[in-house]
Amino acid sequence: MAEDTIHGNYIDKYHPRNPIERHLVGCFLREWGALVVSMQKEHPVRRILEVGCGDGYLLDHTRRNAASVNPDDDITVGLEPGLDVVAPAVQSYPACRFVNGSIYTLPFPDNSFDLVTVPEVFEHLDDPSAGMAEVLRVTAKYVLASVPW
């Protein structure tokens, strides 16, 4: 990503005022949650990473849908290139951990997470293939990505 790229959301995209947007976002969140629940049936999802976590809302939504029998043992991490973007999330979602980093060099060992989510990130990358290679390196089982284009 270019150094002058703006990171993060400047609107609360998960709680829009427009009724049509609200309906579409609600459908997205229901489907996203249902996918996470279905993964949980196949393979325990206890370690979650969201690349490009922004305000942390979707990360927490994913964590709640993947809640295991022993949630205290679960690990939920959000990654952003600049932690200033997630400063409010640190307060809002204390069950999640937030780290600074780049999708091109994820600061985790191979197979660190059961699920890596990448919501609306790939369309912003100069080299999406390199980003996906890193995502695949750190996942042990699942990748869930969304691309609006």
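Here are three short exercises on helix packing, burial and cysteines in this predicted model.

**Exercise 1. Find which residues of helix H2 are buried, and what covers them.**

Solution. Start with the helix itself, which spans residues 57-65. Its buried residues are Tyr57, Leu58, Leu59, Asp60, His61 and Thr62. Next, look around them: the cover includes helix H1 (19-42). It also includes four strands, S1 (47-51), S2 (75-80), S3 (97-100) and S4 (113-119).

**Exercise 2. Describe how H1 and H2 pack.**

Solution. Two packed helices are described by the angle between their axes and the distance between the axes. For H1 and H2 the angle is about 40°, and the axes lie 8 Å apart. An angle of about 40° is neither under 35 degrees nor within 65 to 115, so H1 is oblique to H2. As for handedness, the crossing of H1 and H2 is right-handed. Now list the contact: H1 supplies Phe28, Leu29, Trp32, Gly33, Val36 and Val37, while H2 supplies Tyr57, Leu58, His61, Thr62 and Asn65. Sorted by class, this contact has seven nonpolar residues, four polar ones and no charged ones.

**Exercise 3. Work out why Cys53 has no disulfide with Cys96.**

Solution. First, recall that a disulfide is a covalent bond between the sulfur atoms of two cysteines. The closest cysteine sulfur to that of Cys53 belongs to Cys96, at 8.6 Å. The cut-off is 2.5 Å, so this pair is too far apart for a bond. A search of the whole structure agrees, with zero disulfides found. To finish, compare accessibility: Cys53 is buried at 3%, whereas Cys27 is partly exposed at 27%.

How values were computed: Residues are numbered from 1 along each chain as its sequence is written. This is a predicted model: local features need pLDDT of at least 70, side-chain atom pairs count only at pLDDT 80 or more; totals for chains, interfaces and linings use all residues. Side-chain values use heavy atoms; hydrogens and water are left out. Buried means under 20% relative accessible area, exposed over 50%, partly exposed in between (1.4 Å probe, protein chains only). Helices (H or I, at least four residues) and strands (E, at least two) are DSSP runs, numbered from the N terminus. Contact means heavy atoms within 4.5 Å. Axes are lines fitted to C-alpha atoms, for helices over the stretch in contact, and angles run from 0 to 180 degrees between N-to-C directions. Angles under 35 degrees count as roughly parallel, over 145 as roughly antiparallel, 65 to 115 as roughly perpendicular and the rest as oblique. A crossing is left-handed if the near helix is turned anticlockwise from the far one by less than a right angle, and right-handed if clockwise. Ala, Val, Leu, Ile, Met, Phe, Trp, Tyr, Cys and Pro count as nonpolar, Asp, Glu, Lys and Arg as charged, and the others, Gly among them, as polar.
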